[in-house]
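Me: I would like to go through this model step by step, beginning with its overall form and then turning to some local details. Please reason briefly each time and finish on the value or name I ask for.

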Amino acid sequence: MTDAHAAARGVGVVVVAAGSGARLRAGLPKAFVALAGRPLLAHSLDTVAAVPGVASVAVVVPADLLDPSGPAWSGVSLPPGAVVVAGGAERTASVAAGLASLDPSCDVVLVHDAARCLTPVAVFARVVAAVRAGAAGVVPGIPVVDTIKVVDAAGVVTSTPPRESLRAVQTPQGFRREVLLAAHAAGAGATDDAALVEALGHDVLVVEGDVRAHKVTTPDDLAQAERLLAAPTTGGRP
Ligand code: CTP
Ligand code: MG
């Protein structure tokens with residue numbers, strides 16, 4: 001067993017914010033849509049800045065919004081030393097661009113959706129702790145409330161997995177840096193980074209997620225996020 005402290009060199013965070021937000025239909029890229037008067041990205045970066053041990057941050061945005069002094073960035077505070085890079089057409093390409101821009105001395109990398117803008121710091125800390133404890137990949141997840149069916153192309157149910165075995169997974173997803181680099185070199189096109197790491201044969205551990213890490217996808221999700229922020233007992237960031 002290696003000495004975890006001797007190996008701990010810093011956490012790098014890739015915040016992916018380069019999507020178009022087609023399902024939100026807000027007329028601008030989703031990460032720049034306002035929540036309580038500030039872009040979703042601003043809320044996400046405030047949280048990242050509060051995560052212990054973060055040494056490097058890459059913010060991945062649409063190519064036409066690269067200038068942090070531009071009007072779309074109003075209200076956004078970049079964490080110290082953060083770099084801003086252009087994303088790609090698919091989420092996987094955006095993650096790869098961010099990963100390539102992180103300080104290579106980081107031994108743990110987190111990938112976080114800017115759209116999960118109310119994720120508590122505690123979720124980040126749980127993910128980092130589990131990677132530091134030896135997991136190759138770690139994802140936060142919550143039990144699913146609906147029964148999930150697997151269907152074929154015609155919509156016919158082919159199986160019903162037992163609900164107790166299912167988790168809805170969130171971000172930040174955390175990895176040993178070399179594992180995530182190898183996974184991105186080997187594959188593409190997955191909806192999350194953990195799937196690329198699983199495809200390489202690594203174990204991915206699910207730790208406790210949080211309902212506040214829900215992804216803003218639709219106008220209803222944005223309204224729900226506004227309600228969470230307005231309710232001080234259940235909302236807020238910690
Ligand atoms: N993302 C990205 N680059 C892409 C696609 C997505 O950086 N080419 C980011 C989004 O900005 C978001 C996260 O990945 O923070 C999760 O993606 P999703 O919720 O699908 O966001 P969008 O792709 O923007 O939304 P939609 O699919 O509705 O267009
Ligand atoms: Mg998308």
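Reply: Accessible areas here come from the Shrake-Rupley method with a 1.4 Å probe. The model is a predicted one, and the accessible surface of its protein chain comes to about 11200 Å², of which the share belonging to carbon and sulfur atoms is 58%.

Me: Which radius of gyration does the protein chain have, beside that of a compact globule with 238 residues?

Reply: The C-alpha atoms fill a box of roughly 50 × 45 × 40 Å along the principal axes, and the chain holds seven helices and twelve strands. For 238 residues a compact globule would have a radius of gyration near 18 Å, and the protein chain agrees with this, since its own value is 18 Å.

Me: What percentage of the contacts between residues at least 6 apart in sequence join residues at least 24 apart?

Reply: Of the 238 residues, 44% count as buried. Among contacts in the protein chain between residues at least 6 apart in sequence, the part that joins residues at least 24 apart is 71%.

Me: Over what arc around the axis are the buried residues of helix H5 spread?

Reply: The buried residues of H5, which spans 177–186, are Arg 177, Val 179, Leu 180, Ala 183 and His 184. They lie on the same side of H5 because the arc they cover around the axis is only 160°. An α-helix has 3.6 residues a turn, so residues three or four places apart point the same way. On the other side of H5 the exposed residues are Ala 185 and Ala 186, whereas the cover over the buried ones includes H3, E6, E11 and H6, and the arc asked for is 160°.

Me: Is Thr 171 buried or exposed?

Reply: Thr 171 lies in the loop between E10 and E11, yet it touches Arg 91, Val 111 and Pro 140, among others. Its relative accessible area is 3%, and since the cut-off for this class is under 20%, Thr 171 counts as buried.

Me: What is the form of the peptide bond from Thr 171 to Pro 172?

Reply: Most peptide bonds are trans. Pro 172 is found in the loop between E10 and E11, and with omega near 10° the bond from Thr 171 to Pro 172 is cis.

Me: What is the value of phi at Arg 25?

Reply: Most residues other than glycine have a negative phi. Arg 25 sits in the loop between E1 and E2 and counts as exposed at 65% relative accessibility. Although Arg 25 is not a glycine, its phi is positive, at about 55°.

Definitions and conventions: Residues are numbered from 1 along each chain as its sequence is written. Chains are lettered from A and ligands numbered from 1 in the order in which they are written. This is a predicted model: local features need pLDDT of at least 70, side-chain atom pairs count only at pLDDT 80 or more; totals for chains, interfaces and linings use all residues. Side-chain values use heavy atoms; hydrogens and water are left out. Buried means under 20% relative accessible area, exposed over 50%, partly exposed in between (1.4 Å probe, protein chains only). Helices (H or I, at least four residues) and strands (E, at least two) are DSSP runs, numbered from the N terminus. The arc is that of the directions from the helix axis to the C-beta atoms. Contact means heavy atoms within 4.5 Å. The radius of gyration is taken over C-alpha atoms; the globule rule is 2.2 Å times the number of residues to the power 0.38.
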